[in-house]
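The exercises below ask you to read a fold step by step, with the sequence and the coordinates side by side. Try each task before turning to its solution.

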Amino acid sequence: MIFYRRCLPHWHPPDSRFFITFRLHGSRPHCPGGPLWLQTPAVAAIVSAEIQAALHRGEISELLAWVLMPNHVHLLLKPDGDLTPVLRRIKGASARRSNLQLGRTGRFWLEESFDHWIRDDRECQRLCAYIEQNPVSAGLAVTPDQWPWSSASWNSCPSTLLRP
């Protein structure tokens with residue numbers, strides 16, 4: 001089991017599923033203001049492509065649910081190995097490409113991510129539904145499958161596992 005601490009403790013038992021949230025640099029949960037770069041379709045497409053590329057490269061063995069919101073990303077996945085390098089590659093590649101797209105430099109993502117080790121199938125199903133319902137709860141879509149930056153249209157929730 002891998003454990004490390006920054007601002008948040010991180011428990012990464014091997015062969016486990018995780019609920020991940022990472023945010024844009026300068027954004028804060030439940031607070032107005034801050035960057036909303038993920039609402040730019042070209043940037044959302046870049047981040048979405050990097051998540052799916054990690055799946056197809058075999059870094060993620062299961063991608064159960066994901067959603068891009070205007071200032072954060074939720075993922076429900078099982079890494080193929082250690083979670084940390086998978087997130088580092090997704091965030092690093094998407095940050096470089098997104099900054100180029102936006103014509104900016106500097107930090108794109110907050111360094112710290114929230115990760116939660118999923119302990120059972122019931123919790124996995126609940127979090128999958130939460131992730132795909134997020135755009136509806138935020139008033140960005142009427143139904144989950146209307147949001148283009150989500151796994152909702154993949155019919156992956158709650159029981160079908162996505163594999164490369």
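**Exercise 1.** Which residue in β5 is the bridge partner of R23?

*Solution.* Bear in mind from the start that this is a predicted model. Begin at R23, which belongs to the set of β3 residues R17, F19, T21 and R23 that point one way from the strand. Then look across to β5, where the bridge partner of R23 is H72. This bridge joins two strands, β3 and β5, that pair in the antiparallel sense over six bridges.

**Exercise 2.** Describe the strand β3 and the burial of its side chains.

*Solution.* Strand β3 spans residues 17–23, and seven of its seven residues are buried. In a regular strand the side chains alternate between the two faces of the sheet. Accordingly, sort the residues by direction: R17, F19, T21 and R23 point one way, while F18, I20 and F22 point the other way, and all are buried.

**Exercise 3.** Establish the order of the strands in the sheet, and state which strands lie at its edges.

*Solution.* Strands of a sheet pair through backbone hydrogen bonds, either parallel or antiparallel. As a first step, take the pairing of β3 with β5, antiparallel over six bridges. As a second step, add strand β6 (residues 114–118), which pairs with β3 in the antiparallel sense over five bridges, with T21 standing opposite F114 in β6. The complete open sheet has four strands in the order β4-β5-β3-β6, with antiparallel pairing. Its edge strands are β4 (60–68) and β6, each of which pairs on one side only. From one strand to the next, the twist averages 15°.

**Exercise 4.** Work out which sheet strands the helices α2 and α3 meet, and at what angles they run.

*Solution.* Helix α2 (residues 83–102) packs on the sheet and touches β3, β4, β5 and β6, its direction making about 35° with that of β3. Helix α3 (residues 121–137) lies across β3, β4, β5 and β6, and runs at about 35° to β4.

**Exercise 5.** Decide where the model calls for caution.

*Solution.* The chain averages a pLDDT of 88, and 86% of the residues score at least 70. Among the elements, strand β5 (residues 72–79) has the highest mean pLDDT, 97, whereas strand β1 (residues 2–5) has the lowest, 46. Over residues 1–5 the pLDDT stays under 50, although the model has 16 contacts beyond four places in sequence for them. Residues 159–164 are also below 50, with 17 contacts beyond near neighbours in sequence. Where pLDDT is low, the predicted coordinates should not be read in detail.

Definitions and conventions. Residues are numbered from 1 along each chain as its sequence is written. This is a predicted model: local features need pLDDT of at least 70, side-chain atom pairs count only at pLDDT 80 or more; totals for chains, interfaces and linings use all residues. Side-chain values use heavy atoms; hydrogens and water are left out. pLDDT is the predictor's confidence in each residue, from 0 to 100. Contact means heavy atoms within 4.5 Å. Buried means under 20% relative accessible area, exposed over 50%, partly exposed in between (1.4 Å probe, protein chains only). Two strands pair if DSSP finds at least two bridges between them. Axes are lines fitted to C-alpha atoms, for helices over the stretch in contact, and angles run from 0 to 180 degrees between N-to-C directions.
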